[in-house]
Structures are given as structure tokens and as C-alpha cells.
Amino acid sequence: MRRKQIISVCRHLYKKGLLVSSEGNVSAKIGSSKILITPSGKRKGFLTDLVVVSLGEKRTPPGASVEYPLHREIYRVRSDVRCVIHAHPPFAIACSLAGVSLRRPFLAETSIAFGTIPTLPYRTPSTVALAKGLGRSIRNHSAVVLGKHGAVTVGATLEEALDRMEQLEQVAKIACLAQLMGRLPWLNKKELKALEKIRQRL
Ligand SMILES: [Zn+2]
């Protein structure tokens with residue numbers, strides 16, 4: 001079941017333009033010590049199979065996504081996380097390239113859903129440096145932009161992680177459009193305080 005769900009999430013990410021070709025990777029926990037993860041170098045819109053990896057593996061096993069260290073580090077620091085999505089959403093990447101931060105909220109829905117969305121400085125893909133940097137950031141966030149690279153979202157379910165990736169890209173798209181029109185006004189302290197109260201009640 002999980003296998004089919006991951007393949008279907010990958011197809012959805014591809015159809016939505018959140019990744020193309022062999023970009024991105026998705027994983028889900030099986031029990032407490034293994035994950036199902038997408039294979040390396042395969043087109044994500046047309047996957048037929050996945051790889052099972054023990055989280056005890058420090059190095060990326062043959063055939064598994066080269067971003068395995070990133071997934072492993074997230075599961076290590078977040079025991080509540082069962083699913084991880086790494087995609088290359090174009091508007092989120094464009095924001096990171098243009099220096100438009102998503103950390104400071106400018107939409108009520110995003111503020112309630114995420115609190116803040118940090119952007120990590122660029123690190124070489126598939127490296128331990130990227131995994132460690134993300135591990136520090138993901139402790140307190142459910143969505144993180146990887147500077148000049150992509151984004152990562154996490155969740156207790158695949159649906160939750162996917163929903164967060166779509167929301168992240170939507171807010172990045174709005175930020176890009178507002179910037180193009182010349183203005184991106186952030187929510188003020190009073191507005192954020194009221195939204196934080198709603199967020200804490202959820
Ligand atoms: Zn990537």
C-alpha cells in the first residue's frame with residue numbers, strides 16, 4: 001500500500017511541475033527502523049518500484065536515492081515524522097535565487113500552517129553537509145527551502161507532506177508575483193500575534 005502511495009505521490013509531484021525528470025525523492029517509514037525510498041536516477045513521474053533501506057545504513061545503499069543522507073537525518077532528529085518529500089518547486093527555487101525570503105510571513109494561511117519557512121544556504125546536493133544543515137532546521141519546521149536547489153517538507157503521512165509541498169510552492173508563487181508587481185508587504189507584529197494564537201489552538 002505504502003509503495004503504491006509513494007509512486008502516486010511522485011506522479012502527482014511530476015504532474016504539478018514540482019519536479020521533472022529524475023529530480024526529487026520521497027520516502028516513508030516502515031516500522032521504526034526502515035524506510036521505503038525512491039530509487040536513484042529514475043523518472044519520478046513514471047516509477048514502478050522503490051528501494052527498502054535500513055536507517056542503520058550510514059552510506060547510501062546501491063540503487064537508493066542519492067539524497068538518502070538527508071532523509072536519514074530527518075528521521076533521526078524527528079521521531080514524529082513518517083514521510084519526507086524533497087522536490088524542486090520552481091517558484092520556491094526562484095525565491096531563493098532572487099533573495100526573497102519566505103521566513104517572514106505575508107499570508108495568514110501560511111503563517112497558521114507553517115509559522116515560518118526558513119531558507120538554508122546552498123550546500124552541495126547529496127552531501128552530509130546538506131543533511132546536517134537541514135537536520136538542524138527541520139527540528140522546528142515542517143517545510144524548508146534549500147537555497148539554489150529545492151525544498152523539503154515532512155509529515156506524519158504522505159498526504160500531509162504533499163499538502164505542505166503544494167502550500168509552500170503556492171506561497172512562493174504569490175511572493176514572486178507580488179515582487180514582479182513591485183511590492184511584497186509582510187504581516188505586522190500585531191497581525192502575526194493574532195495568527196499565532198490561532199496556530200496554537202490547532
Ligand atoms: Zn534535489
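Start with the whole chain in cartoon view: from the N terminus on, its elements run α-β-β-β-α-β-α-α-β-α-β-β-α-α. That comes to 7 helices and 7 strands. The model is a predicted one. The radius of gyration is 17 Å, close to the 17 Å that the globule rule gives for 202 residues, so the chain is as compact as a globular protein of that length. Rotate the C-alpha trace onto its principal axes and the spans are about 50 × 35 × 30 Å. Of the contacts with a separation of 6 or more, 63% join residues 24 or more positions apart.

**Helix α1**

Select residues 2–15, which form helix α1. How far apart should the ends of these 14 residues be? At 1.5 Å a residue the helix should span 20 Å, and its end C-alpha atoms are 20 Å apart, which agrees.

Now show the side chains of I6, V9, C10, L13 and Y14, which are buried. These five residues cover an arc of only 140 degrees around the axis, which puts them on the same side of α1. Turn to the other side of the helix to find K4 and K15, both exposed. To see what covers the buried residues of α1, add elements including β1 (25–30), β2 (34–37), β4 (83–87) and α6. Just after the helix, stop at G17, where phi is positive, near 75 degrees.

**The nonpolar core**

Over the chain, 38% of the 202 residues count as buried. In soluble globular proteins, nonpolar side chains tend to be buried together. The largest nonpolar core here has 50 residues; select I85, V144, V145, A151 and V152, the members that touch the most others. Helix α6 (residues 158–181) supplies the largest share of this core, 8 residues.

Centre the view on V152. Leaving out residues up to four places away in sequence, V152 touches V84, I85, H86, L134, I138, V144 and L146.

**L55**

Move next to L55, in the loop between β3 (51–54) and α2 (68–77). Is L55 buried or partly exposed? It has 17 C-beta neighbours inside 10 Å; a residue needs 20 or more to be buried, so L55 counts as partly exposed.

Which residues does L55 touch, not counting those up to four places away in sequence? Select S33, K34, I35, R72 and Y75. For a last stop, draw a distance between the C-alpha atoms of L55 and K34: they are 21 residues apart along the chain, yet separated by 5.4 Å.

Technical notes
Residues are numbered from 1 along each chain as its sequence is written. This is a predicted model: local features need pLDDT of at least 70, side-chain atom pairs count only at pLDDT 80 or more; totals for chains, interfaces and linings use all residues. A nonpolar core is a set of buried Ala, Val, Leu, Ile, Met, Phe, Trp, Tyr and Cys residues joined through C-beta atoms within 7 Å. A residue is buried if 20 or more other C-beta atoms lie within 10 Å of its own, exposed if 12 or fewer, and partly exposed in between; C-beta atoms are placed from the backbone. Helices (H or I, at least four residues) and strands (E, at least two) are DSSP runs, numbered from the N terminus. Two residues are in contact if their C-beta atoms, placed from the backbone, lie within 7 Å. The radius of gyration is taken over C-alpha atoms; the globule rule is 2.2 Å times the number of residues to the power 0.38. The expected span of a helix is 1.5 Å times one less than its number of residues. The arc is that of the directions from the helix axis to the C-beta atoms.
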